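Hi everyone, thanks for making time this morning. I'd like to walk you through one structure, starting with its ligand and then moving out to the strands and helices.

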Amino acid sequence: MQALFAAKMGGDAPLDNIEIGERPTPQPGPGEVRVRMRAATLNRHDLFTLQGIVGYPITLPRILGCDGAGVVDAYGPERPAGTPDPGSEVVLYPISTCGHCRGCLSGDTMTCRTWTLLSDGPREGTFAEYVVLPALHVIPKPAALSDVEAAALGVSTLTAYRMLFVKAALRPGQTVLVQGVGGGVATMAIAMAATAGVTVIASSRTEEKLEVARRLGASICVLAGRDAAKQIIAATGGDGVDAVIETVGEATWGTSLRALRLGGTIVVSGATTGANPPAELGRLFWRQLRIVGSSMGTLPEFRALVSFVQAKGLKPPVDSVWPLSRGRDAFAKLAAGDHVGKIGLLLSGTA
Ligand SMILES: NC(=O)c1ccc[n+]([C@@H]2O[C@H](COP(=O)([O-])OP(=O)(O)OC[C@H]3O[C@@H](n4cnc5c(N)ncnc54)[C@H](OP(=O)(O)O)[C@@H]3O)[C@@H](O)[C@H]2O)c1
Ligand SMILES: [Zn+2]
């Protein structure tokens, strides 16, 4: 089958590590399903893998891609009851867990000691004609979404959902600051929070992206920079926001700490511009702030997210869609960082 894979990792030109070509078609084992892929979207995680920044050792060559949508092709032995029939359109839940560690048994499977994302650890990724994953990890695809939009639910939308509704536990009438507008996490965080009745303040480096944020439902938009926190405090009657959705990292961290109300929560799931800003511990304890890490989400959260998106008629914004053969150009677009929404790879489906 055709696939886009990392032939090497690291070096000065990580995109040169990409190869597009033949890889063996995978066979589903017991309790597994093989999906004929229609679309996937790029995540910064794929870029990190090319750069050699990996949480789990991986073997090369490694097919990239952590999310996707496709059609159930075949089950291995021991197909679980209730799984979608072959031929069904599905969206992929991207996380694998061990099922027996303390984290798995606690109910929050994202605290599994060895959780991995598709394309990490032992699992190949989704930038391929076929992918194999646990049979319980395919969910019927919302009919209103295109294949690329459905693929986008897997990593970035799920991450935004858990940050907003589980970690920050935001309720209607509260206020959230979303840092950065172009990324897949931020765009869907803005849209989902606004739809749920949360007042959204968006901050971005450019007026063009703030305009996008307004269209997605942000009611207050602020240019990133020195004055951003002051403007946010003023816009919230002097209080600050209940929560911050932080994925940008060093570039916005100071504003996140200053824009938060006393006792408020910053939820962090990424650090695109660097992971080591000053901690400002004095501000942290004096204002009794909470800083909470978050990654992806559990399978029940994924099911809840798919139902939420379906019920509210939301669609993940898509920046551009590329055929697999132009995968390198798609990665160049991600690396340039001027995209708004998800960058899609079309494997056999519709944009
Ligand atoms: N932990 C998890 O489970 C998880 C899941 C998904 C993503 N992530 C991480 O979350 C982060 C966000 O990912 P993403 O794909 O949604 O978005 P992204 O493409 O990494 O960009 C996020 C935002 O960062 C801002 N930005 C980018 N470069 C910048 C720079 N040099 N200076 C200042 N701001 C800059 C941009 O906002 P503006 O241009 O609007 O200012 C952009 O919208 C990534 O680091 C990713 O690895 C983590
Ligand atoms: Zn586990």
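Before we look at the ligand, one cut-off: I call a residue near a molecule if one of its heavy atoms lies within 4 Å of it. And please keep in mind that this is a predicted model.

So, which residues come nearest to ligand 1? There are 25 residues around ligand 1, and the nearest are R44, V181, S204, K209 and T272. Sorted by class, that shell holds 14 polar residues, eight nonpolar ones and three charged ones. Three helices each give the shell at least two residues: α1, spanning 44–51, α4, spanning 153–167, and α5.

Now for some individual contacts. V181 puts a backbone N or O atom 2.8 Å from an oxygen atom of the ligand. At G182, a polar backbone atom is 2.8 Å from a ligand oxygen. With T272 the side chain takes part: one of its N or O atoms is 2.8 Å from an oxygen atom of ligand 1. How much of the ligand does the protein bury? On its own, ligand 1 exposes 900 Å², and 85% of that is buried by the protein.

Let's move on to the sheet. Here six strands make an open, parallel sheet, and reading across you get β13-β12-β11-β14-β15-β16. The edges are β13, residues 220–223, and β16, residues 290–293, each with a partner on one side only. From one strand to the next, the twist averages 20°.

Two helices pack on this sheet. Helix α5, which we just met at the ligand, covers residues 184–195 and touches β11, β12 and β14. Its direction makes about 165° with that of β11. Helix α7, residues 228–235, touches β11, β12, β13 and β14, and its direction is at about 160° to that of β13.

If you zoom in on one pair, β11 (175–179) and β12 (199–204) run parallel and are joined by five bridges. As a landmark there, Q179 sits opposite S203 of β12.

Last stop: some antiparallel pairing. Strand β5, residues 69–75, pairs with β6, residues 89–92, through three bridges in the antiparallel sense. Within that pairing, V71 has E89 as its bridge partner. Strand β6 is also joined by three bridges to β10, residues 138–140, again antiparallel. There, V91 is matched with I139. As a general reminder, strands of a sheet pair through backbone hydrogen bonds, whether parallel or antiparallel.

That's my tour, and I'm happy to take questions.

Notes
Residues are numbered from 1 along each chain as its sequence is written. Chains are lettered from A and ligands numbered from 1 in the order in which they are written. This is a predicted model: local features need pLDDT of at least 70, side-chain atom pairs count only at pLDDT 80 or more; totals for chains, interfaces and linings use all residues. Side-chain values use heavy atoms; hydrogens and water are left out. Two strands pair if DSSP finds at least two bridges between them. Helices (H or I, at least four residues) and strands (E, at least two) are DSSP runs, numbered from the N terminus. Axes are lines fitted to C-alpha atoms, for helices over the stretch in contact, and angles run from 0 to 180 degrees between N-to-C directions. Contact means heavy atoms within 4.5 Å. A polar contact is a pair of N or O atoms within 3.5 Å; within protein, one must be able to donate a hydrogen and the other to accept it, and residues adjacent in sequence count only if both atoms are side-chain atoms. Accessible areas come from the Shrake-Rupley method with a 1.4 Å probe; for residues, only the protein chains shown count as cover. Ala, Val, Leu, Ile, Met, Phe, Trp, Tyr, Cys and Pro count as nonpolar, Asp, Glu, Lys and Arg as charged, and the others, Gly among them, as polar.
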